[in-house]
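Please look over the chain shown here. The report after it takes up a sheet, the helices packed on that sheet, and one further helix.

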Amino acid sequence: MFNACIIGTGSALPEKALLNSEIGEFVDTSDEWIVRRTGIKERRISLKEGEGTADLAALASQKAMEMADVSPEELDLIVVGTVTADRLVPSAGCMVQQILGAQNAAAFDISAGCSGFLYALTTVKNATCSGACKTALAIGVDRISTILNWKDRGTCILLGDGAGAVVVKASEKETGILSSHLKSDGRLWELLYSKEGNSYVPECLEGLKPKSSYLVMDGNRLFKKAVNSLTDIANQALKQNNLSGEDISILVPHQANMRIIQATAQSLDIPFEKFYINVDRYGNTSSASIPLALDEANRKGLIKKGDYVMLITFGAGLTWGSTVLRWCF
Ligand code: ACO
């Protein structure tokens with residue numbers, strides 16, 4: 001058995017920053033309301049040619065591979081967490097593989113709502129620890145703007161586009177991914193769902209575009225379920241690893257909403273200062289939220305070799321999960 005170590009992180013964001021005040025031009029909302037209820041000030045929206053889901057994912061991956069000093073040929077597995085692949089067929093994973101030139105890899109997608117990245121990372125970890133693969137990419141990416149109802153002020157203010165990736169390598173060291181807990185509860189899928197459809201529709205078929213492919217959400221019930229589930233799964237992870245909140249150097253939560261993060265911090269015995277937060281700048285980037293924040297924290301030098309790092313997620317499905325790592329580099 002090997003350990004699975006993250007040896008590189010990367011992220012990518014579209015150029016266009018959409019401010020709260022700009023959203024206020026087309027729905028009845030205000031910067032003041034959005035900041036008070038969510039902590040979000042702006043988010044990135046992918047509008048340009050060359051900023052598709054696979055393009056953003058590949059860019060984030062290239063940055064992670066550069067940090068890890070890993071070539072495309074060395075990759076033997078690419079797992080992408082996403083709900084907005086550019087096409088229904090093929091997977092975003094195969095499109096990323098093509099852009100990277102990673103000809104020796106197997107590539108596929110995982111759909112787990114905002115929890116997609118931790119589901120991808122756990123899949124990569126299991127493949128690595130069993131010896132089935134040596135060097136892999138786990139990616140979280142979403143162009144969630146493509147499935148938003150821009151007339152619904154209850155949802156369109158919350159989300160944004162982005163990508164994050166990590167390179168995972170098999171190692172005989174003691175450090176690496178220590179635990180993964182994943183959960184889902186399909187009974188509650190109607191708290192957050194898209195009615196139908198896929199994000200890509202060719203221009204010639206524009207008239208046939210599903211009218212209701214956008215997200216529908218019960219925000220109040222989601223809020224409570226998110227706080228309870230994140231707290232439970234974080235406590236489970238601490239217990240399994242025989243760690244206390246004090247042992248955790250940095251906690252990277254899913255960046256859904258500042259109030260969800262604050263309420264989770266209050267329920268857990270982990271100081272709020274240890275939570276890494278960028279929801280103010282990017283909103284909720286769905287599957288990209290955790291790897292994007294992890295990469296930012298890493299590049300700012302906030303994570304040191306040997307640190308205990310906790311990742312916690314929650315999303316549509318419903319799905320939730322946690323991962324505890326001992327940082328390798
Ligand atoms: N601007 C102004 N007013 C608004 C807006 C808006 N953008 N959205 C809703 N309102 C109004 C409502 O219509 C309501 O008005 P009323 O009192 O006249 O009926 C009022 O504000 C209060 O609405 P609530 O829904 O009760 O507001 P709440 O404080 O619950 O905040 C929010 C709503 C931000 C959506 C919150 O419930 C939330 O964050 N839920 C979690 C949702 C989430 O994060 N989903 C992402 C995916 S799941 C995940 O990642 C965890």
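The sections below describe these parts in turn.

## Basis of the model

This is a predicted model, in which local features need pLDDT of at least 70 and side-chain atom pairs count only at pLDDT 80 or more, while totals for chains, interfaces and linings use all residues. Residues are numbered from 1 along each chain as its sequence is written, and side-chain values use heavy atoms, with hydrogens and water left out.

## The open sheet

Five strands (DSSP runs of E, at least two residues, numbered from the N terminus) make up an open sheet of mixed pairing, ordered β1-β7-β6-β4-β5; two strands pair if DSSP finds at least two bridges between them. β1 (3-12) and β5 (106-110) are the edge strands, each with a single partner strand, so one side of each has no neighbour in the sheet. From one strand to the next the twist averages 20°.

β4 (residues 77-81) runs parallel to β5 and is joined to β5 by five bridges; G81 has I110 of β5 as its bridge partner.

## Helices on the sheet

Helix α3 (residues 53-68) lies across β1, β6 (135-142) and β7 (162-171), at about 125° to β1. Helix α4 (residues 92-100) also packs on the sheet, touching β4, β5 and β6 (contact being heavy atoms within 4.5 Å), and its direction makes about 140° with that of β5. Angles run from 0 to 180 degrees between N-to-C directions, with axes fitted to C-alpha atoms, for helices over the stretch in contact; helices are DSSP runs of H or I, at least four residues.

## Helix α8

In α8 (residues 258-267), M258, I260, I261, T264 and A265 are buried, that is, under 20% relative accessible area with a 1.4 Å probe and protein chains only. These buried residues fall within an arc of 160° seen down the axis, so they line one face of the helix; the arc is taken from the directions from the helix axis to the C-beta atoms. Their cover includes α2 (31-38), α7 (219-240) and β12 (308-315).

Technical notes:
Buried means under 20% relative accessible area, exposed over 50%, partly exposed in between (1.4 Å probe, protein chains only).
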